[in-house]
Amino acid sequence: MSYHFDTLAIHAGQPNERLTGAATIPIFQTSTFAQDEPGGQPDFCYTRTGNPTRAALEANLAALEGARYGLAFSSGMAAINNVLNLLKSGDHVITCRDLYGGAYRIFTKLYHNFGVEFSFVDTTDPANVARAVQGNTQLVWLESPSNPLLQVTDIAACAEIARAAGAWTVVDNTFATPCLQRPLELSADIVVHSTTKYINGHADVLGGAVITSRDDLYERLKFFQNAVGAVPAPQDCFLVLRGIKTLSLRVERQCANARRVAEFLSGHPRVRQVYYPGLPGHPNHAVAARQMSDFGGIVSFELDDDIDAVRRFVRALRLWTLAESLGGVKSLLCHPPTMTHASVEPNVRRERGIRDGLVRLSVGIEHAVDLIADLDDALRESSLEACCGDRTHEVIAA
Ligand SMILES: *Cc1c(COP(=O)(O)O)cnc(C)c1O
């Protein structure tokens, strides 16, 4: 019997506990496990290698992506690193031009030093991926929707090109979540998540995941997980599992709120451009509508190309919090050029369309009317330079 996503989120990997009947998977806060005899084959022997709370999370994550195997990590970057461990000196990776800043950093500042070559192409046109293929291409690394410009890549088309080239396709599915997009069903080989974001969803834990259905890749990735040791603590696994129970409810509200925010911003005279794949005018709207069941909770937009305009706007907000990260219940905004993408060189940033006036919103689950009213007020007040000072110190009642 195959269950629907919402049912799997609650049940997959989470039977009632055998010993006590605990209806919620307990936190097995132990580093090691008693063994019956030397050379036995216990299910668990040492928490770096495996832990029951983590095993529950890993089984659950696999089910959400419709996969056979899941591996949990201490952060999204640890998950990304786990996949990059598949590479060796002399290998070539094709990836997106619009990419999470931390992925760009580990590619260019670490793996590049180990002799791995990277091509950054506009993957929204799969022909660019085909053109970038070399004899040593080992991975096609995609992010869709991308961070921070919400570009959408045709995953199935790129995976086909990768397969023909003998390369694996990896998709960072952090922005979409498995509620909205399941890359393995689109022929990708590996899915990566920062579970810090939507999957946990409450901005209170760091985590990552690597998910695949391929035995050969799983064996290697599992070996690297234990060999490198960037595993999540049992308590963090428990928190992520708890977050997952409301994943589809949260994402449903976040998508609905984001659509309303995107529509509001599109009609605002101070907003130069809105990036949201759910808007019919978005250049990749058709691909997004085909491969995603909704368009996600992230909306980016551009104010005047001027960091001071952004500063005034941020100061005038009351509900929205300026912070790194995304995907939580509380609405956040960030300024990619100085925050998430500060590690991308300024000239590269500009060339990729990340201008100084860019703002990225992570729309939470508050009431859309309140979120929009706050943006509206802040846009109005920040356009009149003189009036901005005082609101900073106001405290929101309740
Ligand atoms: C945040 C993020 C990461 C990194 O995850 P951490 O949990 O912060 O290490 C990777 N990819 C994307 C798309 C992200 O947003």
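User: Which residues in α3 meet which residues in α4?

Analyst: This is a predicted model, and here is what it shows. On the α3 side you'll find Met77, Ile80, Asn81 and Leu84, and they meet Gly102, Ala103, Ile106 and Phe107 on the α4 side. Sorted by character, the residues of this contact come out as six nonpolar, two polar and no charged.

User: How do I describe the way two helices like that pack?

Analyst: Two packed helices are described by the angle between their axes and the distance between the axes. Here, α3 covers residues 76-84 and α4 covers residues 101-110. Their axes come within 11 Å and cross at roughly 40°.

User: Why are α3 and α4 called oblique to each other?

Analyst: It comes down to the angle. Anything under 35 degrees would count as roughly parallel, and 65 to 115 as roughly perpendicular. The crossing of α3 and α4 is roughly 40°, and therefore these two helices are oblique to each other. As for its hand, the crossing is right-handed.

User: What about α3 and α8, at what angle do they pack?

Analyst: Helix α8 runs over residues 215-228, and α3 packs with it at an angle of about 120°, with the axes 9 Å apart. α3 and α8 are therefore oblique to each other too. Again the crossing is right-handed. From α3, the contact uses Asn81, Asn82 and Val83, while α8 brings in Leu221, Phe224, Gln225 and Val228. That contact divides into four nonpolar residues, three polar and no charged. Keep an eye on Asn81: this residue of α3 takes part in the contact with α4 and in the one with α8.

User: Is the crossing of α2 and α9 left-handed or right-handed?

Analyst: That one is left-handed. Helix α2 spans residues 52-64 and helix α9 spans residues 234-244. Their axes come within 8 Å and cross at roughly 35°. Plenty of side-by-side neighbours to look up here: Thr53, Arg54, Ala56, Leu57, Asn60, Leu61 and Leu64 in α2 meet a set in α9 made up of Pro234, Cys237, Phe238, Val240, Leu241 and Ile244. The split is 10 nonpolar, two polar and one charged.

User: Now the ligand. Of the 14 residues around it, which come nearest?

Analyst: Look for Gly76, Asp172, Ser194, Thr196 and Lys197. You can then check individual atom pairs. A polar backbone atom of Gly76 sits 2.8 Å from an oxygen atom of the ligand. For Thr196, an N or O atom in the side chain is 2.7 Å from a ligand oxygen. Lys197 has a polar side-chain atom 2.8 Å from an oxygen atom of the ligand. Gly76 also belongs to the residue range of α3, 76-84.

User: What should I look for in the backbone itself?

Analyst: Most residues other than glycine have a negative phi, and most peptide bonds are trans. So exceptions are worth a look.

User: Where are the cis peptide bonds?

Analyst: One joins Ser144 and Pro145, with omega at about -5°. Another runs from Asn147 to Pro148, where omega is near 10°. Pro145 lies in the loop between β4 (137-143) and α6 (155-164), and Pro148 is found in the loop between β4 and α6 as well.

User: And what is the phi of Ala203?

Analyst: Ala203 has a positive phi of about 50°, although this residue is not a glycine. To find Ala203, go to the loop between β6 (190-194) and β7 (208-212).

Technical notes:
Residues numbered from 1 in each chain as written. Predicted model: local features only at pLDDT ≥ 70, side-chain atom pairs only at ≥ 80, totals over all residues. Heavy atoms only, no water. Axes fitted to C-alpha atoms, helices over the stretch in contact; angles between N-to-C directions. Helix = DSSP H or I, 4+ residues; strand = E, 2+ residues; numbered from the N terminus. Parallel < 35°, antiparallel > 145°, perpendicular 65-115°, else oblique. Left-handed = near helix turned anticlockwise from the far one by under 90°. Contact = heavy atoms within 4.5 Å. Nonpolar A, V, L, I, M, F, W, Y, C, P; charged D, E, K, R; others polar. Near = heavy atom within 4 Å. Polar contact = N/O pair within 3.5 Å; in protein donor to acceptor, adjacent residues only side chain to side chain.
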